[in-house]
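Reader: I'm used to gels and assays, not models. Could you walk me through how to read one of these?

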Amino acid sequence: MTTQQPVTIVMIEDDEGHARLIEKNIRRAGISNTIRHFTDGASGLDFVLNAGDGPAAGGPALMLLDLNLPDMNGVEILARIKAEPRLKRMPIVVLTTTDDKVEVERCYDLGCNVYITKPVEYESFAQAIRQLGLFLSVIQVPTADAGGAR
Amino acid sequence: MLRLPTLPLPTVARDLSGRAFGQLMLAAVVLGFLTLALAAGTAVWAVSQNQRYARQVNHTYEAAKAISELRTLTENAETARRSILLTGQQRFIDVYAEVSGQIPAQLAKIARTTADNPRQAEAVERLGRLNRLQVSLFEDALALVRAGRRETAAKEFGFNSSPEVMTAHRRVTGAMMAEEGRRLALRGHERDRTGRLVYQAFAAAGLVLLLVGSGSIWVIRRHTQDLATSRDRLAALNEGLEGAVRDRTADLTRANDEIQRFAYIVSHDLRSPLVNVMGFTSELETAAGALKTLVDRAEVNAPHILTAEAREAVDSDLPEAIGFIRTSTQKMDRLINAILRLSREGRRVLAPEPLDMAAVMESVAASLKHRSDHAGVEIVIERPMPSLNNDRVAIEQVFSNLVENAVKYAKPGKSGRVVVRGREDFGRVIFEVQDDGRGIDSKDHERIFELFRRSGAQDQPGEGIGLAHVRALVYRLGGVITCESALDRGALFRVSLPPYVIADPGGSP
């Protein structure tokens with residue numbers, strides 16, 4: 001990470017198991033950034049929008065978003081964040097089991113940056129997450145402060 | 001299965017069935033014609049009767065005329081006779097000869113005209129006798145006159161030469177005239193009676209015709225009313241039926257959508273835990289590997305801490321358990337993917353287009369060429385193929401599954417033959433895929449179309465999805481699929497489709 005402030009990874013994922021596996025594999029890729037995990041949409045959204053130590057306060061952040069959440073649809077969260085001027089540049093990686101074409105298109109239309117389908121085969125899954133980790137280690141994340149891109 | 005509502009069927013003209021109506025109308029027409037024929041017959045008869053009366057009346061008048069002529073002749077003869085006796089002139093003798101010469105002919109004429117009446121015939125005979133008597137009586141007097149003894153003749157014969165004879169003659173002719181008058185009256189009376197009879201017959205025929213006519217009109221009107229009522233009722237029922245079908249179709253579509261959505265959600269939600277199961281199984285495997293390394297090291301360095309159970313757990317129990325978990329979850333993943341594919345297929349929007357079925361079948365055969373060559377199976381496409389307006393992808397999937405199955409289940413080690421043919425039949429288009437492969441036991445003919453069910457020897461890879469998928473597709477296209485087969489006798493799959501499919505909106509996403 002080349003920015004001054006470390007990037008916080010916000011993970012909204014209702015399945016504890018998935019969250020654990022994702023975290024494990026991200027760590028295996030050598031990513032040591034803070035991962036804030038939320039199991040439901042409301043609390044995840046609340047953190048992003050309001051928390052003093054979150055992206056709302058200007059800290060750079062990146063979101064891993066699952067679409068099938070118990071309380072709301074991930075697409076809704078995506079739309080809310082992309083409609084928020086302070087947050088709309090925050091990279092969002094949709095990481096979900098849905099591989100429906102329509103859903104994928106909808107997410108990209110709403111401004112999602114990367115859409116990844118969770119492979120059921122664990123080897124592929126682990127590899128995908130590790131590669132995501134490598135990807136995360138090189139991408140530039142803008143600060144949420146409406147400043148310059150990059 | 002969509003069942004039509006059981007609505008009460010309309011009773012078409014319940015009171016007057018079509019058959020009874022036809023019979024009634026036929027009877028009315030026959031009766032009408034019979035009456036008319038009778039009336040016409042009566043008219044003909046009446047005319048001929050009238051002509052006969054006219055002839056007879058004429059005849060009677062002729063007879064009467066002849067009788068009165070005879071009377072005149074007789075009177076003239078008598079006058080001539082008296083004149084002869086009074087004057088003895090030759091002139092009167094000549095007149096007498098002429099007049100009395102005419103009398104026999106006149107008598108014959110009367111006899112002719114009154115031949116049909118025995119009473120008159122008898123009278124004519126008497127007249128003849130009287131005439132002959134008179135002639136013979138006067139002959140002597142005439143001879144005396146000729147001899148110049150006129151006065152003697154007048155004295156002997158008298159001026160009233162034969163008053164008795166003349167009186168008798170007048171009586172007879174009077175009776176004859178009266179007889180003819182009587183007959184005339186009789187005939188007039190008879191004619192009046194016939195006339196009345198004809199009038200009565202006409203009146204009766206008219207009445208019958210009126211009855212038949214009005215009866216027919218009444219029956220027709222009632223029948224027409226019944227028909228109109230039935231038609232209205234039928235229209236109302238039809239409307240109701242359409243409404244019912246519309247409602248049921250809407251229900252069905254809704255239910256289908258719900259099932260699709262259900263399948264979609266379930267398969268998604270099932271996938272999530274599966275990721276965990278597989279993921280943590282891998283983690284477990286890694287952990288077991290670490291343990292095995294430890295056990296191996298312990299065996300070398302400190303065998304006394306190692307138990308047989310620990311050894312066994314690391315060597316066989318853990319790998320075995322992990323292996324089973326893995327194969328099971330993999331299978332489960334395949335099944336879930338199958339459901340997902342089916343539900344996705346059900347949600348795909350159909351895009352009907354005109355299809356050259358021969359070309360479609362060729363491309364299906366070409367895509368399976370590698371497999372069919374490998375299995376030694378020949379795929380024959382019979383031409384011509386009926387055309388079809390349908391969704392290309394769906395049709396390709398149906399027939400590619402059927403032909404693939406036919407190739408897949410050929411008799412092992414033998415060369416096979418798969419025949420694909422099509423025809424039109426009563427507004428449906430029917431395609432058949434027939435093979436000479438291992439066949440399907442008749443008890444499994446329904447089962448093979450069920451999801452995850454298979455039949456026969458399980459020596460070929462597959463999840464039991466293909467035919468379920470085919471049937472779902474065929475149903476969606478408004479068609480039906482059936483199977484004809486017996487073990488070792490090959491199989492025939494028959495797909496009956498409507499010639500065109502109406503584009504439906506598909507499931508909502």
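**Reading the model, feature by feature**

Author: Happy to. Chain A has five helices and five strands, and keep in mind that this is a predicted model.

Reader: In what order do the elements of chain A run from the N terminus on?

Author: They go β-α-β-α-β-α-β-α-β-α. As for contacts in chain A with a separation of 6 or more, 68% come from residues 24 or more positions apart. Of its 150 residues, 39% count as buried.

Reader: Let's pick one helix. Why does the span of α1 of chain A agree with its 13 residues?

Author: The trick is to reckon 1.5 Å a residue, so helix α1 of chain A (residues 16-28) should span 18 Å, and its end C-alpha atoms are indeed 18 Å apart.

Reader: And which residues are buried in α1(A)?

Author: A residue counts as buried if 20 or more other C-beta atoms lie within 10 Å of its own. In α1(A) that gives A:His18, A:Ala19, A:Leu21, A:Ile22, A:Asn25 and A:Ile26. Look down the helix axis and these buried residues fall within an arc of 165°, so they line one face of α1(A). Turned away from that buried side are the exposed residues A:Glu16 and A:Arg28.

Reader: What covers the buried residues of α1(A)?

Author: From chain A, the cover includes β1 (8-12), β2 (35-38), β3 (61-65) and α5 (122-138); α5 (163-301) of chain B is also part of it. Once you've followed α1(A) to its end, check A:Gly30, which comes after the helix and has a positive phi, near 95°.

Reader: Chain B turned up there. How many residues does each chain bring to the contact?

Author: Chain A gives 14 residues and chain B gives 13. On the chain A side, α1 and α5 each supply at least two of them. By type, that side of chain A divides into six nonpolar, five polar and three charged residues. For the complex, the predictor gives an ipTM of 0.72 and a pTM of 0.49.

Reader: Where is confidence lowest and where is it highest in chain B?

Author: Start from the general idea: where pLDDT is low, the predicted coordinates should not be read in detail. Chain B averages 84, with 94% of its residues scoring at least 70. Among its elements, helix α4 (residues 150-157) is lowest at a mean of 76, while strand β7 (residues 491-497) is highest at 93. In chain B, pLDDT stays under 50 over residues 1-14, where the model has 16 contacts beyond four places in sequence. Residues 505-509 of chain B also stay under 50, with twelve such contacts.

Key
Residues are numbered from 1 along each chain as its sequence is written. Chains are lettered from A and ligands numbered from 1 in the order in which they are written. This is a predicted model: local features need pLDDT of at least 70, side-chain atom pairs count only at pLDDT 80 or more; totals for chains, interfaces and linings use all residues. Helices (H or I, at least four residues) and strands (E, at least two) are DSSP runs, numbered from the N terminus. The expected span of a helix is 1.5 Å times one less than its number of residues. A residue is buried if 20 or more other C-beta atoms lie within 10 Å of its own, exposed if 12 or fewer, and partly exposed in between; C-beta atoms are placed from the backbone. The arc is that of the directions from the helix axis to the C-beta atoms. Two residues are in contact if their C-beta atoms, placed from the backbone, lie within 7 Å. pLDDT is the predictor's confidence in each residue, from 0 to 100. Ala, Val, Leu, Ile, Met, Phe, Trp, Tyr, Cys and Pro count as nonpolar, Asp, Glu, Lys and Arg as charged, and the others, Gly among them, as polar.
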